[in-house]
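Reader: I am new to this structure. Please take me through one part of it closely, the place where its two halves of the description come together.

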Amino acid sequence: MTELSAFPITKKWPAEHPDRIQLYSLPTPNGVKVSIMLEETGLPYEPHLVRFDANDQMTPEFLSLNPNNKIPAIIDPNGPDGKPLPLFESGAILIYLADKSGRFIPQDAVGRYEAIQWVMFQMGGIGPMFGQVGFFHKFAGKEYDDKRPRDRYIGESKRLLGVLDRQLEGRDWILGDKYSIADIATFPWVRNLIGFYEAGDLVGIQDFPNVTRALAAFVARPAVAKGLDIPKRPS
Ligand SMILES: N[C@@H](CCC(=O)N[C@@H](CS)C(=O)NCC(=O)O)C(=O)O
């Protein structure tokens, strides 16, 4: 399709199905938000693997789509007014896909803003804070002698888990009985904190039973199980 070829990213990651949403990603907690959403909605898409071990995110082709050198990013060939829409920032992409599909976001104004509010809570709080716990607990930062940054991020992560746990009290999902983009934004990060970052004990995850109960329901969804492994990492 001529329109997609106008995007330099398609030179490095050619579109085999230019009529489908093009996803540039890796199965990290931010990346899987979008693959899970695409699996949940059933919108047709084509995933492309962005390899950090090859520094793909720093290539001119990738930067032409996201100058912030981070996954996930998409191009919807059939965006608003039928024109291609390039988009980065997982929260913005979730809202866009929810609007496009009419799913996983309440259709009334109050419910819609409530969903966006909790997506922002994840984007501005849970993601950055849990990410720093990973850095200071599991990765390069664990060698630092000064433990104050580590303790600060652990404390803040516990506080955020407490907020989330109280919101989930008596509710199946963050917005109540309806599963939404707020859950799709949040639970990949909780899963990652406990799993890959091995920080469950550190944050006292057992103190947040509503969070662990909702996380279990989240990972039991077939679309979540699929989305967690897209794009496939090279074996
Ligand atoms: N706020 C961004 C954060 C995206 C982000 O941090 N992505 C990480 C992977 S989870 C990344 O691409 N890191 C590569 C790099 O920093 O070079 C979003 O939610 O989309």
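Author: What follows is a walk along the contact between the two domains, ending at a single residue.

This is a predicted model. The chain is divided into two domains. Domain 1 covers 9–103. Domain 2 covers 109–221. Taken over C-alpha atoms, their centres lie 23 Å apart. Domain 1 brings 14 residues to the contact, and domain 2 brings 15 residues.

Now the area. The size of an interface is often given as the accessible area lost when the parts come together. Between domain 1 and domain 2, about 1200 Å² is buried. Carbon and sulfur atoms give 72% of that area. On the side of domain 1, three residues lose the most area to domain 2: P29, K33 and I95. Together they make up 41% of what that side buries.

Next, the polar links. There are 2 salt bridges between domain 1 and domain 2. R112 and D99 meet through their side chains in a salt bridge, at 2.7 Å from N to O. The two domains also have 5 residue pairs in polar contact, with both residues at pLDDT 80 or more.

Which elements give two or more residues to the side of domain 1 that touches domain 2? They are α3 (29–41) and α5 (90–101). Helix α3 gives the largest share, 7 residues. Sorted by class, this side of domain 1 has 7 nonpolar residues. It also has 3 polar and 4 charged residues.

Stay with helix α3, and pick out N30. This residue sits in that helix. Is N30 buried or exposed? Buried would need a relative accessible area under 20%, and exposed would need over 50%. N30 has 25%, so it counts as partly exposed.

Look at the neighbours of N30. Leaving out residues up to four places away in sequence, N30 touches I71, P72, S90 and W189. W189 deserves a second look. The side chains of N30 and W189 are joined by a polar contact of 3.1 Å. N30 falls within the 9–103 of domain 1, and W189 within the 109–221 of domain 2.

One more distance places N30 in the chain. N30 and A223 are 193 residues apart along the chain. Their C-alpha atoms are separated by 16 Å.

To recap, about 1200 Å² is buried between the domains. Helix α3 gives 7 residues to the domain 1 side. From that helix, N30 makes a polar contact with W189.

Technical notes:
Residues are numbered from 1 along each chain as its sequence is written. This is a predicted model: local features need pLDDT of at least 70, side-chain atom pairs count only at pLDDT 80 or more; totals for chains, interfaces and linings use all residues. Side-chain values use heavy atoms; hydrogens and water are left out. Domain bounds come from an automatic or database domain assignment. Contact means heavy atoms within 4.5 Å. Buried area is the accessible area (1.4 Å probe) that two parts lose on being put together, summed over both. A salt bridge is a side-chain nitrogen of Lys or Arg within 4 Å of a carboxyl oxygen of Asp or Glu. A polar contact is a pair of N or O atoms within 3.5 Å; within protein, one must be able to donate a hydrogen and the other to accept it, and residues adjacent in sequence count only if both atoms are side-chain atoms. Helices (H or I, at least four residues) and strands (E, at least two) are DSSP runs, numbered from the N terminus. Ala, Val, Leu, Ile, Met, Phe, Trp, Tyr, Cys and Pro count as nonpolar, Asp, Glu, Lys and Arg as charged, and the others, Gly among them, as polar. Buried means under 20% relative accessible area, exposed over 50%, partly exposed in between (1.4 Å probe, protein chains only).
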